[in-house]
Amino acid sequence: FSIPLALGGTYSARAEEFSDYFHHDRYEMTLMSGVMYSPIGADKGRSREYYTLSGLQFGWMVTDADAGGWWRGNLELSLEAMGGAVFDGKGSYIAGGTAWLRYNFVQPNWRVVPYLQGGLGAEATDMDRRLIGETFNFNLDVAAGVRCFLAPNWALDLECRYQHISNATISKHDVGINAVGPMMGVTYFF
C-alpha cells in the first residue's frame with residue numbers, strides 16, 4: 001500500500017517490512033484502553049464491577065521470528081503501567097502495573113499479526129471489599145489480540161482481555177474479581 005507524504009509523492013510499504021519489527025532487540029510502545037466487565041457468567045449474588053482500563057506498555061522483542069509453519073513468531077516481554085475508573089459498582093479507581101509475556105504470530109508478507117499473552121502484576125484499588133478484602137491486590141491476565149499495520153512503524157491493536165484480581169489470601173476476604181472486556185490501542189515500533 002502507499003502512504004501520501006507531506007512534501008509530495010508516496011511511500012510504498014512492502015508487507016515483508018512489517019515482519020522486520022519483530023526481530024530481537026526491537027522495541028515498541030503501545031497505548032491501550034478499554035472496558036472490563038465483572039462478573040463473567042452466572043455468578044449469583046456477586047456484586048458488579050464494571051471499570052475502564054487504560055495502559056501504556058513498553059515492549060522488547062526477546063527472540064527473532066524465525067520458526068516455520070503457522071506458529072512462526074517471536075517472544076516479546078512487555079511492561080505496562082495501567083489505571084482506570086469504576087463506572088458501575090463499588091469503588092472508584094484501579095492503578096498498578098503488569099509484566100506481560102507475548103507470543104506474536106509473525107508470518108512473512110502479512111500486515112496482520114495475531115498474538116497471545118499472559119501477565120502478572122499488582123495494583124491498588126478501592127473496589128468492593130467483600131470481593132478483594134483490601135487496597136493492595138495482584139492481577140493475573142490473559143489476552144488474545146491482533147495488530148493491523150496501518151503505516152510503517154504504526155499498528156492498530158484489537159484485543160480481548162481476561163483479568164483476575166485478588167489479594168492472594170493476604171486478607172481474610174479474597175473472593176476475587178474476574179473480568180473480561182475489549183481493548184483497543186495504537187502501537188509504535190522502533
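**Close-up views of a predicted model**

**View 1. Nine salt bridges are found in this structure, which is a predicted model.** Let us begin with Glu 76, a residue with two charged partners in these views. The side chain of Glu 76 forms a salt bridge with that of Arg 102, at 3.0 Å from N to O. Glu 76 belongs to strand E5 and Arg 102 to strand E6 (residues 93-105), so this pair links parts that lie 26 residues apart in sequence. Neither side of the pair is left open to the surface: Glu 76 and Arg 102 are both buried.

**View 2. Glu 76 also forms a salt bridge with Arg 147.** Here the closest N and O atoms are 3.6 Å apart. Arg 147 sits in strand E8 (residues 136-151) and Glu 76 in strand E5, so the bridge ties together parts that are 71 residues apart in sequence. Glu 76 counts as buried because its relative accessibility is 0%. Arg 147 counts as buried because its relative accessibility is 0% too. Stepping back a little, a single network of salt bridges with shared partners joins Glu 28, Glu 76, Arg 102, Arg 147 and Asp 157.

**View 3. Asp 128 and Arg 130 form a salt bridge.** The closest N and O atoms of this pair are 2.7 Å apart. With a relative accessibility of 4%, Asp 128 counts as buried.

**View 4. The largest nonpolar core is built from 15 residues.** The residues with the most contacts inside this core are Tyr 51, Leu 53, Ile 94, Met 127, Ile 132, Ile 165 and Ile 177. Two or more core residues come from each of E3, E4, strand E5 (73-88), helix H2 (129-132) and E10. E10 gives the largest share, with three residues. A second, separate core has 10 residues, including Phe 22, Met 61, Ala 65 and Val 106.

**View 5. Ile 94 and its surroundings.** Leaving aside residues up to four places away in sequence, Ile 94 touches Tyr 51, Thr 52, Leu 53, Met 82, Gly 83, Gly 84, Glu 123, Ala 124, Thr 125, Met 127, Gln 163 and Ile 165. Among these contacts, Tyr 51, Leu 53, Met 127 and Ile 165 are also listed with Ile 94 for having the most contacts inside the largest core.

**View 6. Strand E7 (residues 112-125) has side chains that alternate between two faces.** Val 113, Tyr 115, Gln 117, Gly 119, Gly 121, Glu 123 and Thr 125 point to one face and are buried. The other face, whose residues are not buried, includes Val 112, Leu 116, Leu 120 and Ala 124. On one side, E7 pairs with E6 in the antiparallel sense over 11 bridges, with Ala 95 opposite Ala 124 of E7. Six residues separate E6 and E7 in their hairpin, and Asn 109 in the turn has a positive phi of about 65°. E7 also pairs with E8, again antiparallel, over 13 bridges. In that pairing, Val 113 stands opposite Arg 147 of E8.

**View 7. A nonpolar patch of about 700 Å² lies on the surface.** Its residues are Met 29, Leu 31, Leu 56, Phe 58, Trp 154, Val 186, Tyr 188 and Phe 190. Strand E3 (27-38), strand E4 (49-61) and strand E10 (177-189) each supply at least two of them. Tyr 188 is located in strand E10 and counts as partly exposed, because its relative accessibility is 33%.

Methods
Residues are numbered from 1 along each chain as its sequence is written. This is a predicted model: local features need pLDDT of at least 70, side-chain atom pairs count only at pLDDT 80 or more; totals for chains, interfaces and linings use all residues. Side-chain values use heavy atoms; hydrogens and water are left out. Patches are made of residues with over 30% relative accessible area and no salt bridge: like charges are joined within 9 Å, nonpolar side chains (Val, Leu, Ile, Met, Phe, Trp, Tyr) within 5 Å. Accessible areas come from the Shrake-Rupley method with a 1.4 Å probe; for residues, only the protein chains shown count as cover. A salt bridge is a side-chain nitrogen of Lys or Arg within 4 Å of a carboxyl oxygen of Asp or Glu. Helices (H or I, at least four residues) and strands (E, at least two) are DSSP runs, numbered from the N terminus. Buried means under 20% relative accessible area, exposed over 50%, partly exposed in between (1.4 Å probe, protein chains only). A nonpolar core is a set of buried Ala, Val, Leu, Ile, Met, Phe, Trp, Tyr and Cys residues joined through side-chain atoms within 4.5 Å. Contact means heavy atoms within 4.5 Å. Two strands pair if DSSP finds at least two bridges between them.
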